[in-house]
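Me: I am new to this structure. Please take me through one part of it closely, the sheet, and keep it brisk.

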Amino acid sequence: MNRFFYIFVILFVLVACKSNNNALVGAYGKTVEISPEVRALFIQAMKNDVRFTPVKVRTQVVAGTNYEFICVDADKNQHIIVIFNPLPGRGEPRIVSIDGKPF
């Protein structure tokens, strides 16, 4: 009897953890267009560095949010910039990496 109860609990937990958009929990979401609010966050974290223009973004919810920006430079070369925006009251947005290299 206890075995069936544990199996039921495990199945219930697995179903409850399923995301509505079929994304893995903790994984990056789909790439989307950049909203004005997200663009402002990019500018704030980049401290007005205009070498990169963000084109698309995808997010990952952690203890805050990771924003993975697909950007282009003046030569139209593509770059990936990850910016971490902590929870409110926990600091300012900051660059985590540019093209996979820690910043």
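Reply: Two strands pair if DSSP finds at least two bridges between them. Strands (E, at least two residues) and helices (H or I, at least four) are DSSP runs, numbered from the N terminus. This is a predicted model: local features need pLDDT of at least 70, side-chain atom pairs count only at pLDDT 80 or more, and totals for chains, interfaces and linings use all residues. Residues are numbered from 1 along each chain as its sequence is written, and side-chain values use heavy atoms, with hydrogens and water left out.

Start with the whole sheet. It is open and has five strands, in the order E1-E2-E3-E4-E5, with antiparallel pairing. E1 (53-62) and E5 (101-102) are the edge strands; each has a single partner, so one side of each lacks a neighbour in the sheet. Helix H2 (residues 36-46) packs on the sheet and touches E1, E2, E3 (78-86) and E4 (94-98). Touching here means contact, with heavy atoms within 4.5 Å. The direction of H2 makes about 95° with that of E3. Such angles run from 0 to 180 degrees between N-to-C directions, with axes fitted to C-alpha atoms, for helices over the stretch in contact.

Now look at E2 (residues 64-72). Nine bridges pair E2 with E1, antiparallel. Among them, Val57 partners Phe69, and Thr59 partners Tyr67. One residue separates E1 and E2 in their hairpin.

Turn to E3. Nine bridges also join E2 to E3, again antiparallel. Here Cys71 has His79 as its bridge partner. This hairpin has five residues between its strands, and Lys76 in the turn has a positive phi of about 70°.

Finally, seven of the nine residues of E2 are buried, so E2 is largely enclosed by the rest of the structure. Buried means under 20% relative accessible area (1.4 Å probe, protein chains only).

Conventions:
Buried means under 20% relative accessible area, exposed over 50%, partly exposed in between (1.4 Å probe, protein chains only).
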